Amino acid sequence: MLDILVSQVANGLVLGVIYVLIAVGLSITFGLLGVINFAHGAFFALGAYTAWQLHQLFGWPAVVLAPPLVALVGMAVEVTIIRRLYGKEPLLSLIVTFALALLIEALIRFAWGADGKPFNPPAAFAGIVEAGPLLITTYRVAVLVATTATLVGLWAFLAFTPYGRILRAGSRDPEMVELLGINLPRVLTAVFGLGCGLAAIAGVLAAPLWTVSPSMAANAVMPAFVVVAIGGLGSFRGAVVAGLAVGIVMSLTIQFKAEAAAASMYVLMFAVMLLRPRGLFGERWERFE
Amino acid sequence: MRTLREMRRLVHAAVTTALALAGGSALAQETGPVRIGMIYAKQGPGASIGEYLQRGSTLAVEQAGRKVLGRPIELVWLDEPNPQVSQQNMQRLIDENKVVAVVGGNYSSSALAMMSVANREKIPLILTGAAASEITGKNCNRYTFRTQATVPVQMRGLMPFVSQIGKKIYFLTASYAFGQDILRSGRGLLKEVGATEAGVDEVPVNTADYSSYILKIRQARPDIVVGGLVGGDFSNYLKQANEMGMKDRIPYAAIAVTDTDFWDVGPQASAGIYVKPWYYNDPSNTAAEKRMTADFEKKYGQPPSDKTWSGWIGMRALLEAIEAAKSTDPKAIVTALEQWKNTDGEIPFFFRDWDHQLVRPAVIVRVKKAITDKWDFFDVVRKTSDSEADTLKAFGGRDEIGCQMAPL
């Protein structure tokens with residue numbers, strides 16, 4: 001029994017880090033721009049499709065270009081649409097980004113067809129790692145490493161670089177940042193692009209695991225919203241802790257009561273919301289009070 | 001007095017106009033285009049299946065020269081996103097588009113909603129998917145026909161074959177009506193085929209990651225997994241089972257799958273044994289089916305899926321019934337469909353007159369050891385029954401089905 005539990009927890013961790021990666025992008029977009037981006041899942045799907053297309057055209061190495069390309073698309077969307085939502089009622093951003101999600105899904109279907117696209121892990125990552133009671137596939141280990149590296153890199157960027165400081169300051173007091181002579185609109189465009197790029201990285205990593213189809217985002221984006229709610233809106237640390245918790249809780253629920261697996265993350269969210277309505281690491285934000 | 005005369009004149013004019021309009025519209029109904037509705041998914045996870053169904057139905061119309069009773073056919077295609085909107089679209093097709101019949105409905109939940117409208121409005125509906133037993137069982141009605149075999153019928157074809165591979169069976173089924181139907185039927189047949197249950201998992205719909213389920217299956221060490229997953233869920237499972245080294249280790253068997261589930265994941269991840277209504281590369285396909293395959297390949301540059309066949313046979317049966325009835329009168333179409341019989345192949349197939357279920361054997365297929373063609377994934381193993389009598393028996397008797405149909 002212990003063997004399978006160890007394997008399930010390890011498996012839950014991998015699932016969790018993918019959720020973290022999707023959720024962090026969502027959380028950053030909200031935390032810094034105040035926009036709840038319903039189209040986040042669509043950028044996740046766009047990342048997977050771009051990776052598939054690049055792989056078809058140029059092979060595996062080209063796949064790393066998918067997230068920056070999607071980030072550029074995200075920046076174009078920010079300049080043309082999202083920018084108009086800043087400071088407006090949150091409901092408006094929900095409606096507009098929801099419409100955007102439908103539009104991007106329809107565009108994916110138009111460009112690549114309604115059928116799914118076959119996409120398997122690269123041959124270098126085929127196989128299973130068995131270490132004592134632990135059983136995990138090589139590709140999932142690679143996902144764990146890549147995601148951890150991305151998250152550490154992102155944290156270091158936000159915490160230690162001057163640009164990261166501007167982002168954090170801009171999210172709390174945009175007027176003061178502008179008074180200091182910083183071009184805030186350009187910063188915000190970059191932030192939205194960063195969020196979309198993170199969604200795309202998750203899409204690229206998930207593409208060999210999950211079916212690449214126009215509606216693939218639906219299965220990924222709900223857990224991400226739950227993770228953000230549990231961790232606290234806008235909290236990087238919260239998204240990491242909550243994502244891992246959701247992954248592990250779901251894996252263990254599958255082991256003991258499979259039919260309740262999907263409900264388990266909502267039960268966790270419900271429990272956290274009752275005890276801490278702002279989420280585990282949610283802070284009081286003057287802008288949203 | 002004058003007012004009374006004026007009023008009489010007004011009433012007279014109104015009645016004359018109404019009669020003229022009614023006469024004109026009756027004339028239009030008999031000589032104008034024949035409108036036929038289609039309800040197939042255009043968006044969401046079912047969009048790909050919807051497209052293949054629609055292409056099949058449209059091809060049947062094109063093969064008929066886009067005419068029936070010498071009149072042009074107009075097709076109106078509306079979406080099947082969920083039961084509520086599918087039902088509204090069914091009503092719209094009848095009220096606004098004035099269709100004479102509707103072909104469509106891939107999901108049991110939508111089909112059940114649509115068929116109540118068909119019955120109320122007395123418009124023939126041919127369902128091209130939807131496997132829930134109650135559609136031609138306790139909820140059956142005179143205006144609804146169904147091409148897809150029910151879950152128990154398909155499971156009766158699959159389980160004896162599965163038990164030849166191994167006796168320890170693990171059930172992995174979707175946690176809603178369709179999956180529960182598979183689990184119930186599968187469990188009911190365990191004793192008959194001499195097999196035992198190694199484990200059961202009922203999986204919530206729209207599960208993206210199956211790795212935790214696969215770990216459980218590996219631990220239970222069954223001889224075979226009998227599945228009841230659909231669409232994207234099934235494709236996700238196939239992909240991850242391959243990734244976790246299950247492909248050549250524990251075989252997978254299932255019913256109600258479609259070719260696109262496999263085309264979506266590709267040859268590398270595809271494996272297993274399946275019951276399907278039809279396969280394009282089955283040597284026993286009829287001449288008409290082979291012609292449909294050729295026409296489809298010519299038009300779309302790829303072979304048709306079994307969903308294309310379902311859409312095609314549903315529309316073809318309807319057009320042949322309208323020709324046989326020599327009328328677009330709903331009652332005449334229903335009577336003609338009840339008498340419709342396809343005798344192209346070795347085993348004739350038809351809609352049974354007392355429950356409107358298409359009685360026809362399915363094919364059991366196995367994924368090829370080495371897939372060399374982008375589309376041709378299967379070897380046909382056998383049919384689920386070998387004669388008309390066996391097929392009828394497999395579909396169950398009146399008492400078992402429980403359909404009580406009202407007179408026309």
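**Helix packing, chain contact and a few odd residues in a predicted two-chain model**

Asp379(B) has 14 C-beta neighbours inside 10 Å, so this residue counts as partly exposed. The structure is a predicted model, and in it Asp379(B) sits in strand β16 of chain B, which runs over residues 378-383. Once the neighbours within four places in sequence are set aside, the contacts of Asp379(B) are Val365(B), Arg366(B) and Lys368(B). With Val365(B), the separation is 14 residues along the sequence but 5.6 Å in space, taken from C-alpha to C-alpha.

Val365(B) also falls inside an annotated stretch of chain B: UniProt, in an unreviewed entry, lists residues 33-369 as "domain: Leucine-binding protein". Over that stretch the chain comes out as 44% helix and 20% strand, and 50 Å separates the C-alpha atoms at the two ends.

One helix pair in chain B is worth a look. Helix packing is usually described by two quantities, the angle between the axes and the distance between them. For α2(B) and α11(B), the latter covering residues 306-325, the axes come within 7 Å and cross at roughly 35°. The crossing is right-handed. On the α2(B) side the contact involves Ile49(B), Tyr52(B), Leu53(B), Gln54(B), Arg55(B), Gly56(B), Ser57(B), Leu59(B), Ala60(B) and Val61(B). On the α11(B) side, the residues taking part include Trp309(B), Trp312(B), Met315(B) and Leu319(B).

Just past α2(B) comes a backbone oddity. Most residues other than glycine have a negative phi. Arg66(B), however, is not a glycine and still has a positive phi of about 60°. Arg66(B) lies in the loop that links α2 (47-63) to β2 (67-68) of chain B, and its 14 C-beta neighbours inside 10 Å make it partly exposed. Asn206(B) is another such case, with a positive phi near 65°. This asparagine belongs to the loop between β8 (196-203) and α7 (211-220) of chain B. Asn206(B) counts as partly exposed too, because it has 16 C-beta neighbours inside 10 Å.

Turning to chain A, an unreviewed UniProt entry places the feature "transmembrane region" at residues 12-38, 58-79, 91-112, 141-166, 187-210, 222-246 and 258-275. Of these spans, residues 58-79 are 68% helix and 0% strand, with 30 Å between the end C-alpha atoms. Residues 258-275 are 83% helix and 0% strand, and here the end C-alpha atoms lie 26 Å apart.

Helix α2 of chain A (residues 40-58) has 19 residues, which at 1.5 Å a residue should span 27 Å; the end C-alpha atoms are indeed 27 Å apart. This helix is mostly covered, with 14 of its 19 residues buried. Right after α2(A), Gly59(A) adopts a positive phi of about 90°.

Helix α5 of chain A (residues 138-160) passes the length check as well: its 23 residues should span 33 Å at 1.5 Å a residue, and the end C-alpha atoms are 33 Å apart. Tyr139(A), Arg140(A), Val143(A), Thr147(A) and Thr150(A) are the buried residues of α5(A). These buried residues pack against α1, β2 and α8 (184-206) of chain A, together with α8 (231-243) of chain B. Thr148(A), also in α5 of chain A, is partly exposed, since 14 other C-beta atoms lie within 10 Å. From Thr148(A) to Ile18(A) is 130 residues in sequence, yet 9.8 Å in space, C-alpha to C-alpha.

Helix α1 of chain A (residues 2-33) also packs against helix α9 of chain A (residues 217-231), at an angle of about 65° and with the axes 8 Å apart. The two helices are therefore roughly perpendicular, and α1(A) passes α9(A) in a right-handed crossing. The α1(A) residues at this contact are Tyr19(A), Val20(A), Ile22(A), Ala23(A), Leu26(A) and Ser27(A). Facing them in α9(A) are Ala220(A), Val221(A), Pro223(A), Ala224(A), Val227(A) and Val228(A).

As for the two chains, 32 residues of chain A are in contact with 35 residues of chain B. On the chain A side, α1, β2 (134-137), α9, α10 (236-257) and α11 (261-275) each supply at least two residues. The largest share, five residues, comes from α1(A).

Definitions and conventions
Residues are numbered from 1 along each chain as its sequence is written. Chains are lettered from A and ligands numbered from 1 in the order in which they are written. This is a predicted model: local features need pLDDT of at least 70, side-chain atom pairs count only at pLDDT 80 or more; totals for chains, interfaces and linings use all residues. UniProt positions are given in the numbering used here, feature names are shortened, and annotations may be inferred rather than shown by experiment. Helices (H or I, at least four residues) and strands (E, at least two) are DSSP runs, numbered from the N terminus. The expected span of a helix is 1.5 Å times one less than its number of residues. A residue is buried if 20 or more other C-beta atoms lie within 10 Å of its own, exposed if 12 or fewer, and partly exposed in between; C-beta atoms are placed from the backbone. Axes are lines fitted to C-alpha atoms, for helices over the stretch in contact, and angles run from 0 to 180 degrees between N-to-C directions. Angles under 35 degrees count as roughly parallel, over 145 as roughly antiparallel, 65 to 115 as roughly perpendicular and the rest as oblique. A crossing is left-handed if the near helix is turned anticlockwise from the far one by less than a right angle, and right-handed if clockwise. Two residues are in contact if their C-beta atoms, placed from the backbone, lie within 7 Å.
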